[in-house]
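Me: I have a new model open and would like to go through it with you, one question at a time. Shall we start?

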Amino acid sequence: NGIYEAINMGKDQWVEEFKMARADGSYASLYNRAYILHNEYHIPHRILGSFIDLSDLKDTQEKLQETNSHLLPVIEDLDNFVYTGSHDLKAPIHNIEALLRELRIELAPAEADAEGVQQIIAMMDGAVERFKRTIGSLTEITKLQNDNTPETTSVDLAEVVQEVVMDLD
């Protein structure tokens, strides 16, 4: 069908993608690209072309689409978990921070200066700060992923294959 249309329209080439039945009853996805050669009277007299079996590529593409459709809810659940978890952890860490401030106030100067007490309090302050940074980083990562997720676009596979074949030619 594509060849007759190309000849009748005066084109020098045609490209099409179609399915063809195999001997075992399964179908193959084929890509066909051909050139129409004309004689000195500009009458089509020969066709030079090729067929490429895209079945594996099509199957892989379908599997990827299925995988993506299964992964999207998992990714959304993970984002919700990270957001909820980081939000829920903020209250306890703020409580620990407040308790450390109270401990400093309640310690007598002699106890506060006791060997190791200042070092332990400094280590606790450092742990609280690292924990707060971790929570902030988790929240920021989730926010960045949601804000910068590139939009997916459909691609005309036949056109991409055609461009690759043309590059190879």
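**Walking through the model**

Reply: Happy to! Let's begin with Tyr35, which sits in strand 2. Keep in mind that this is a predicted model.

Me: Is Tyr35 buried, partly exposed or exposed?

Reply: Buried would need a relative accessible area under 20%, and exposed would need over 50%. Tyr35 has 30% relative accessibility, so the class for this residue is partly exposed.

Me: About what area does the nonpolar surface patch with Tyr35 have?

Reply: Tyr35 shares this patch with Leu37, Leu48 and Met166. Together the four residues make a nonpolar surface of about 350 Å².

Me: In which part of the chain is confidence lowest?

Reply: The chain has a mean pLDDT of 80, and 92% of its residues reach 70 or more. Confidence is highest in strand 2 (residues 27–38), with a mean of 88. Where pLDDT is low, the predicted coordinates should not be read in detail. The lowest mean, 72, belongs to helix 3 (residues 109–112).

Me: Which residue, not a glycine, has a positive phi of about 65°?

Reply: Most residues other than glycine have a negative phi. The residue you want lies in the loop between strand 2 and strand 3 (44–53). With a phi of about 65°, the residue is His42.

Me: Is His42 buried or exposed?

Reply: The cut-off for exposed is over 50% relative accessible area. His42 has 67% relative accessibility, so this residue counts as exposed.

Me: How many salt bridges are there?

Reply: Side chains of opposite charge can pair when their charged atoms come close. To be counted here, a side-chain nitrogen of Lys or Arg has to be within 4 Å of a carboxyl oxygen of Asp or Glu. By that rule, the number of salt bridges is five.

Me: Which residue forms a salt bridge with Arg22?

Reply: Arg22 is in the loop between strand 1 (13–21) and strand 2, and the partner is in strand 3, 31 residues apart. Arg22 is partly exposed, at 34% relative accessible area, and the partner is also partly exposed, at 45%. With the closest N and O atoms 3.3 Å apart, the partner is Asp53.

Me: How far apart are the closest N and O atoms of Glu97 and Lys132?

Reply: Glu97 and Lys132 belong to a network of salt bridges that also includes Glu129. Lys132 is partly exposed, with a relative accessible area of 28%. For the Glu97 and Lys132 salt bridge, the closest N and O atoms are separated by 2.8 Å.

Me: And which helices does that pair link?

Reply: Glu97 and Lys132 form a salt bridge. The two residues are 35 residues apart and link distant parts of the chain, namely helix 2 and helix 4 (residues 117–147).

Me: How many residues apart in sequence are Asp125 and Arg104?

Reply: These two form a salt bridge, with the closest N and O atoms 2.0 Å apart. Asp125 is in helix 4 and Arg104 is in helix 2, so the pair ties together parts whose separation in sequence is 21 residues.

Me: Is Arg104 buried, partly exposed or exposed?

Reply: Its salt-bridge partner Asp125 is partly exposed, with a relative accessible area of 28%. Arg104 has 38% relative accessibility, so the class for Arg104 is partly exposed.

Me: Which residues form the negative surface patch?

Reply: One member of the patch, Glu62, lies in helix 2 (residues 55–106). Glu62 is partly exposed, at 46% relative accessibility. The full set is Asp56, Asp59, Glu62 and Glu66.

Me: What distance separates the C-alpha atoms of Lys19 and Ser29?

Reply: Lys19 lies in strand 1 and counts as exposed, at 58% relative accessibility. Lys19 and Ser29 are 10 residues apart along the chain, while their C-alpha atoms are separated by 4.6 Å.

Me: What is the C-alpha to C-alpha distance between Val15 and Tyr31?

Reply: Val15 also has its place in strand 1, and this residue counts as partly exposed at 29% relative accessibility. Val15 and Tyr31 are 16 residues apart in sequence, and C-alpha to C-alpha their distance in space is 7.5 Å.

How values were computed
Residues are numbered from 1 along each chain as its sequence is written. Side-chain values use heavy atoms; hydrogens and water are left out. Patches are made of residues with over 30% relative accessible area and no salt bridge: like charges are joined within 9 Å, nonpolar side chains (Val, Leu, Ile, Met, Phe, Trp, Tyr) within 5 Å. Accessible areas come from the Shrake-Rupley method with a 1.4 Å probe; for residues, only the protein chains shown count as cover. Lys and Arg count as positive and Asp and Glu as negative; His and the chain ends are not counted. The place of a charge is taken as NZ of Lys, CZ of Arg, CG of Asp or CD of Glu. Helices (H or I, at least four residues) and strands (E, at least two) are DSSP runs, numbered from the N terminus. Buried means under 20% relative accessible area, exposed over 50%, partly exposed in between (1.4 Å probe, protein chains only). pLDDT is the predictor's confidence in each residue, from 0 to 100.
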